[in-house]
Amino acid sequence: MIKVAFFDAKAYDKPSFEQYGSARDVQFRFLETKLNEDTVELARGCDAVCVFVNDTVNAAVIDRLYEYGVRLLALRSAGYNNVDVRAAFGKIHVVHVPAYSPYAVAEHAMALLLTSVRRIHKAYNRTREFNFSLSGLTGFDFHGKTVGVIGTGKIGRIFIDICRGFGMKVIAYDRFPAQDSGIEYVALEELFARSDVISLHCPLTEETRHMIDAAAIEKMKKGVVIVNTSRGGLIDTESLLEGIKARKIGAACLDVYEEEADIFFEDRSGHILNDELLARLISMPNVIVTSHQAFLTEEALNNIAETTVGNIRSYFDNDGLCDNELCYRCGHVERCKKERKERCF
Ligand code: NAI
């Protein structure tokens, strides 16, 4: 039996992880707390740890895990910006779930966009109080509008297909454009200048942090709608707020927020929200916030659990390959060993 400390466990995680874990002799110790330097002790006696997007896996946490004999860190997410993969290299193997349902995220991005532009959230609240006025609910047609997609990987491409279904014109920016994809790639500046809607689907890296800042917003069309289902750090939130207050940004649809780690995923309705920036954003009539919910479909939860358990078994059963492993060298043409089908170290 492989013992796994499962940090930041939520009620919706347990059924699928228990089902796939018990079928393959992987036992999860579900812990409600997030992993960080203060809680890492809870991983003692476990063979592996399983973490999510807001667990902190920095060099200090990695050293402690290594000291406790943990040799595998299994992310139950695609993004891994919360893990210091360089510090983990040579000590702890890191595996992730590269794709569980790109449809879930792309569909949520469109759900947010439609809700915002057609004012569904306002109409819902009104009719519940028998207020049938249409005042202030005017939206705009998607048909014929230009959507700028930043990041044309798995999720970005599905989002593009959905937008095309609405008759939108799609332009895109990607650091590594997909060849023969039929996508019209443009420079980032051009995307900012031409788009009626901008949707972010690239990872958070040193390069992409605050790619939407005051200078970028300055280049955008007045009334632009910004959708972020990727990572909060892609947007400089203060600049976003300024852009909204200046009426430059028409609407913002946010499933992620740069300071979400201590706020999202929990019921804070009985508490005073100490994050002024988030409180101000939420108070805006043209901002919709969901709390990192884009992945949350039944299909995605099953795929996440199945792949994570598979990743864990692959590491412990297999001396050679380690499914879905990643490290700081992955993707680097000269240094990446993946082509040779070996472990990262
Ligand atoms: P992917 O790896 O398939 O695609 C990412 C794309 O971004 C690639 O085409 C890559 O070339 C591009 N890219 C890399 N660096 C870039 C840069 N500097 N500028 C522009 N483009 C760049 O990833 P996938 O599966 O499509 O996921 C995208 C992001 O969605 C993830 O990184 C993650 O942060 C986020 N995500 C959010 C979820 C949620 O629940 N809100 C759930 C799953 C993923």
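Trainee: Which of the 23 residues around the ligand come nearest?

Mentor: This is a predicted model. In it, the ligand is surrounded by 23 residues. Those that come nearest are Y100, K154, I155, D174 and T229.

Trainee: How is the shell around the ligand divided by class?

Mentor: The shell holds both charged and uncharged classes, with six residues counted as charged. The other two classes are polar, with eight residues, and nonpolar, with nine. By class, then, the shell has nine nonpolar, eight polar and six charged residues.

Trainee: Which residue places a polar side-chain atom 2.6 Å from an oxygen atom of the ligand?

Mentor: Backbone atoms also approach the ligand: a polar backbone atom of G153 is 3.3 Å from a ligand oxygen, and a backbone N or O atom of R175 lies 3.5 Å from a ligand nitrogen. For the side-chain approach at 2.6 Å to an oxygen atom of the ligand, the residue is D174.

Trainee: What share of the ligand's area does the protein bury?

Mentor: The reference is the ligand taken alone, which exposes 870 Å². Of that area, the protein buries 86%.

Trainee: What distance separates the centres of domain 1 and domain 2?

Mentor: Domain 1 comprises 2-100 + 297-339, while domain 2 covers 102-289. Taken over C-alpha atoms, their centres are separated by 30 Å.

Trainee: What area is buried between domain 1 and domain 2?

Mentor: The contact involves 14 residues of domain 1 and nine residues of domain 2. Carbon and sulfur atoms give 56% of the area buried between these domains. The total buried area is about 960 Å².

Trainee: Which side chains meet in a salt bridge?

Mentor: Across the interface of domain 1 and domain 2, three residue pairs are found in polar contact. The count of salt bridges between the two domains is one. A salt bridge with an N to O distance of 3.2 Å is formed by the side chains of K10 and E266.

Trainee: How do the residues on the side of domain 1 that touches domain 2 divide by class?

Mentor: Three of these residues are charged and four are polar. With the nonpolar class included, the division is seven nonpolar, four polar and three charged.

Technical notes. Residues numbered from 1 in each chain as written. Predicted model: local features only at pLDDT ≥ 70, side-chain atom pairs only at ≥ 80, totals over all residues. Heavy atoms only, no water. Near = heavy atom within 4 Å. Polar contact = N/O pair within 3.5 Å; in protein donor to acceptor, adjacent residues only side chain to side chain. Areas by Shrake-Rupley, 256 points an atom, 1.4 Å probe, with all protein chains shown as cover. Nonpolar A, V, L, I, M, F, W, Y, C, P; charged D, E, K, R; others polar. Domains from an automatic or database assignment. Contact = heavy atoms within 4.5 Å. Buried area = accessible area lost by both parts, 1.4 Å probe. Salt bridge = Lys/Arg side-chain N within 4 Å of Asp/Glu carboxyl O.
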